[in-house]
Amino acid sequence: MAEIVYPQGCRPITDDLGPDELVRRLKVLAHTLQGLGQDEGMYQQYIPLAIHLADEFFLTHPSRDVQLLIACCIADVLRVYAPEAPYKDQEQVKTIFLFLINQLQGLRDPKDPAFKRYFYLLENLAYVKSFNMCFELEDCQEIFCALFSLMFKIVNTEHSSKVKSFMLDVLCPLITESDVVSNELLNVMLINLIEPTKREHKHAYGLAKELIIKTSETLEPYIQAFFNHVLILGKEDKELLIFSKVYELIYELYQCCPSLLLAVLPQLECKLKSAQFHERLSGVALLARMFSEPGSELAKQYPALWRAFLGRFNDISVPIRIKCVQYCMHFLVHHPDLRKDITETLKLRQHDAHEQVRYEVVMAIIATAQRDFQAVAESEDLLHFVRERTLDKKFKIRKEAMSGLAMIYKKFLTEDSVPPATEKAVQWIKDKILHGYYMTALEDRLLVERLLNTSLVPYTLPAPVRMQKLYYLMSNVDDNATKAFIELQKHQLAVRRTVAEWIDLHRKPQTPAVQKELISKVLHISSKFLPESVKAQEFLNKFSVHMKQAPELLQGMETILNPNVSCEVCVRTTSNVLKKLGQPVMTNLYYNTVKMLLERVSSVMIDHDSLLILVGYVEGAVKGTDPSIAEECGIELKKCAERGLKLLVMLSFVFPAHFLHEDVLNRLTSLLELDDEAVAPHILAALTFLGKYRPLGEACPSLFPKLIVLCKAYAEVGTPKQAKNAVRCLFVNVPEQRTQIFTEILETLKTTLSPHSEHYRTAIVTLGHIAHNLPDNFPVHIKNIVSRKIVKELLVREGGGGPNAPGDDWCSEDELPEETRCKLEGLKCMARWLLGLKKDELSAQKTFRMLNAFIVHKGDLLQVNSQNQLSKAEMAHLRLAAGAAMLKICEQKGVGDQFTAEQFYNLSHLMIDNVPQVRETFAAKLHKGLSKGIPNKCLPLDFMGMYALAGREPDRRVRSIVRQYMMADVVRRREYVRNITVGTKVERAVSQLPHILPDYMLVFAVPVLTHDPAFTNFDNVAQLKTVKQCLWFILEPLITRNDFYCYGFYKSLVERMKNHKDALNESDDAVNYKLWAVCDLAMSVIWARSQSFELRDFPSDARIPSMYFAPQSDYFVNTRVFLPPELQFQPKRQASNPDVNARGKKRPRPLVDEAFANDVEPSEASDTQIQLPGLEQPPETDLEEPANKRTISE
């Protein structure tokens, strides 16, 4: 071994020196080596020293300082001798570089006293690219992996940019100047881009990112090869972590250096079409994120990949469809250029068969509206998707859709300007939300009540603004929404009253009777007013105990339920009550149940102060002194005044206590004095409701005399509408002075109740209403006036017609001659008089005979051929008015039961009158009578049978309206049956069923169709086909939309009817044959349309009404079929047709195009939606038999 030569001033370095001495000598040597330049060939004499320094003794010396100084010396040796290092042995070179890497660990702590030397070591290695020597080693990748791993491990927040820069200078050449970059080295680098390193070691992430950007050109082919390996060939190296994180890696690489992936991204298309669910899901999750990033141009750069991604919205797998939809919000917010594509895909997904996908569609659109209102506001389509989902079959979806629309509406109320699409949408949003009250589920109704108070008329607004918003709402909603608003207010009033009664019981001594009543009230409240009645009952009982223990809770409830409570106090008290019930979290079911109840009973919209403001607005609109409210509502002043008056009438019914203040009543009375004849009826109607709550004589004595004078004047010489409301108003408000006041009015009527008086029509109306309201006060007097003045001098007297009569088949009532209009009021007057009498059966029979005559003679009672013969329009009005009067009388038990079967059939003929307006109006009156208080205050079930005649209604619009009426009546009756059969008195309820169940419609429809004048012959095929269509018209809702449909019940019903004969014409075979033919037709329809043929028990027996059906002898069995052969049917039998027999075999699956193998079958909109009874109806189905049944029956 050559002799070791040391530079001048340096002493020998030997292994027998002590650590301190060794450190001293090494410092001098290191300092000297630092000063040497890179002069080639000058320092050959120091080669033995360089080899000596790399001796294993020094490299493994226990002293950290010795190792550091040796590393610095070796680094300088590598610098001085570059590019030819004095170390030639490969193992030695490897050992030296691993030693240097180990020394670089000292860079970890910049506060270390020796950090400067470590930094010098790094700088030196970077400066000369010393690690490039390793390229010639077989194990170079192992050394590089160790070096890269160390750098990523030690880089931290305390390192200056200079340190990081030198780190990069060391690492970059090892990639850019290398012949190969191994997967192991890629793994070491790329693993820093993904979780958890990205989150836990941000500086390693930053270093890796910079390194990749600087070396991207070199890395591109290696990264591409790596992804090819995984994405195309599907090969994985389990030992390398990046193989399991491919999709995360693509995302992060795209973030830091998109150019690396130019050839990789198109390969993802094959992953989107993979047969493996997890591959498709990972591909979709990655691309959804990349495409939707703010500022991403990916969709433009890779259009084919974008189309492939859109295809996954239709993936067969639910999680993938959900993942696609969840990212839609980001697309809609960040990429206006992609909105069209996303809207198209959402259109299909909002009808998805899976509820979670539909839910996510709604959530995506609503989340978009919250983040960027403009994105949704500009698209009518997106808002329409949410609109459609308000009728979803699942409540959680309906809830989000309704709440989202309400949020948009609230935003519209509070912002000064909104896009035109939103203005347009707001027109239907308020209607749509209120229509939710037509839903049968209680959850929907509670939701609408909450949204009304939080969004449509936000309770947080100050009273003047709140009343403006209420006025705006009620001025712009449609009729159905108005009805829903009224129904909502009535319902809340009922809840308030019941809960108030329950709360009052807590103040009474707790006797067994009170305890029993408490239990009954809780049962009533939980079953009728809250969802999930069993849980609700438990929590209401708990709340009851709580109130007994905490008097302030009970007092709070009494305050909330006080009819005079102000909105502010109500809100504050509700909040205080809730604070005492625990944490407001989803899991606190007790809190949520009581909160739900409080939402229903608290009155936060109207109080005395706000009502005074509202009356002021209405007064301004009515008098025309303040047109600003009409401008605010966006409608003309006259309509605005009318809507305001209607709103006051409705509020007077729900919140009468707030009206009973002198300031409010003064303003209402001042409106009564106006000349405008449209105003008084509304104000009088409002005062009538107030009188029912508390007579105004007690509430406001000072105003009362003035009110009596005004009402008397209206009753005597006002318009008919004013007179009607004035009589009602006086009746409820003057209980003490009734006889005196009405005697005076009747005296006046003696003079005005004459054809020559200008107030003749008003007098007739006043008489009718007095007779209705006070039947016992003037029984003889009024009966005489009715028989003489109304019947003899008006109804059976020739009148009407003449040159002024309208020439068409129909006209508005205003266009009729005055005499005919008086006759119409006379018919109504008769009906009101009878309704007042309630039990005068003889008068009822006479009246029915007269009304029946009007109908039979088509309105022309006297059938006179004089010059003044009635016009067609007058006759139409008169027969319609007679029909309406009959319907009205039939609502009242007693007098209403006096009609005969013949009169019933004649009345039903108005459903097929030759004037369409008569048919439509009569059907509306029929529906109104049937939908009143079931079961005692409405028309009997017999009248449901009249709907059958609408089956041959030629006008499609009218037919559709009548069908809507019928469906609503069927649903209402079913609801009532459901309510009465849940409880203790089930036996009593079951006995009522034949009078309530809509299924009994058929028993009344059959005789009505038998007596249809157009049905003349039992074997006329054309006529029978029409009858069949009529039968299907009523049977469709009974069979296809009935959870409790029972084939056995209908079969029994029809068979029993067929074993009877017609009660009106018992011995007339022609009529009986028609009756039995209709029964056979009904059976054929039932057989053709039934899905199941169970003969199970039905809650009620098949009863046949004796009024329309006469019994046969006990042994009579009607087995003959009364239908022509082409309309007959055979019972189901096994067909011998070989094609039908082939059904047992498995059908071959249709060939599926490979491209669509992963796609889902499209869903029909109707599969995911429910229909609102009485509001939105499903399309009517035709009576064609299903194909398979048709082949069998043929």
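In the predicted model, lysine 858 has a relative accessibility of 47% and therefore counts as partly exposed, because this value falls between the limits of 20% for buried and 50% for exposed residues. Lysine 858 belongs to the loop that runs between helix H47 (841–856) and helix H48 (872–890). The backbone at lysine 858 adopts a positive phi, near 60°, although the residue is one other than glycine. A positive phi is also found at glutamate 532, a non-glycine residue whose phi is about 50°. Glutamate 532 is likewise placed in a loop, here between helix H29 (512–528) and helix H30 (533–549). With a relative accessible area of 53%, glutamate 532 is classed as exposed, because the cut-off for that class is over 50%.

A further backbone feature occurs at the peptide bond leading from glutamate 195 to proline 196, which is cis, with omega near 5°. Proline 196 lies in the loop between helix H9 (183–190) and helix H10 (197–200).

Salt bridges number 46 in the structure. One of them pairs aspartate 315 with arginine 312, with 2.5 Å between the closest N and O atoms. Aspartate 315 and arginine 312 are both buried. Another salt bridge links the side chains of lysine 623 and glutamate 619, at an N to O distance of 2.9 Å. Both of these residues are part of helix H34 (residues 608–623), where a spacing of four residues, about one turn of the helix, separates them. The two partners fall into separate accessibility classes: lysine 623 is partly exposed at 38% relative accessibility, whereas glutamate 619 is buried at 11%. The assignment of glutamate 619 follows because buried means under 20% relative accessible area.

Arginine 694 and glutamate 698 form an additional salt bridge, in which the closest N and O atoms are 3.9 Å apart. This pair is included because the criterion admits a side-chain nitrogen within 4 Å of a carboxyl oxygen. Arginine 694 is partly exposed, with a relative accessibility of 36%. Elsewhere, salt bridges with shared partners connect Glu195, Arg199 and Glu200 into one network. Glutamate 195 thus takes part in this network and also precedes proline 196 at the cis peptide bond.

On the surface, a patch of negative charge is formed by Asp15, Asp16, Asp55 and Glu56. Within this patch, glutamate 56 is located in helix H3 (residues 56–59). Glutamate 56 is exposed, its relative accessible area being 59%. This residue therefore satisfies the accessibility condition for patch membership, because that condition requires over 30% relative accessible area.

Several buried positions were examined for their contacts with residues distant in sequence. Alanine 75 resides in helix H4 (residues 64–81). The relative accessibility of alanine 75 is 0%, so the residue counts as buried. When residues up to four places away in sequence are not counted, alanine 75 touches Leu121, Asn124 and Leu125. Alanine 75 and leucine 100 are separated by 25 residues in sequence, and their C-alpha atoms are 8.3 Å apart in space.

Valine 577 occupies a position in helix H32 (residues 567–579). At a relative accessible area of 3%, valine 577 is buried. Apart from neighbours within four places in sequence, the residues in contact with valine 577 are Phe543, Leu553, Gly556, Met557, Ile560 and Leu598. A distance of 9.2 Å separates the C-alpha atom of valine 577 from that of lysine 595, which is 18 residues away along the chain.

Histidine 759 provides a buried position within a loop, the segment between helix H43 (738–752) and helix H44 (760–773). Its relative accessible area is 18%, and histidine 759 is therefore buried, because the limit for this class is under 20%. Outside the span of four places in sequence, histidine 759 touches Glu716, Val717 and Thr752. Of these residues, Thr752 is one of those within the range given for helix H43 (738–752).

Terms used: Residues are numbered from 1 along each chain as its sequence is written. This is a predicted model: local features need pLDDT of at least 70, side-chain atom pairs count only at pLDDT 80 or more; totals for chains, interfaces and linings use all residues. Side-chain values use heavy atoms; hydrogens and water are left out. Patches are made of residues with over 30% relative accessible area and no salt bridge: like charges are joined within 9 Å, nonpolar side chains (Val, Leu, Ile, Met, Phe, Trp, Tyr) within 5 Å. Accessible areas come from the Shrake-Rupley method with a 1.4 Å probe; for residues, only the protein chains shown count as cover. Lys and Arg count as positive and Asp and Glu as negative; His and the chain ends are not counted. The place of a charge is taken as NZ of Lys, CZ of Arg, CG of Asp or CD of Glu. Helices (H or I, at least four residues) and strands (E, at least two) are DSSP runs, numbered from the N terminus. Buried means under 20% relative accessible area, exposed over 50%, partly exposed in between (1.4 Å probe, protein chains only). Contact means heavy atoms within 4.5 Å.
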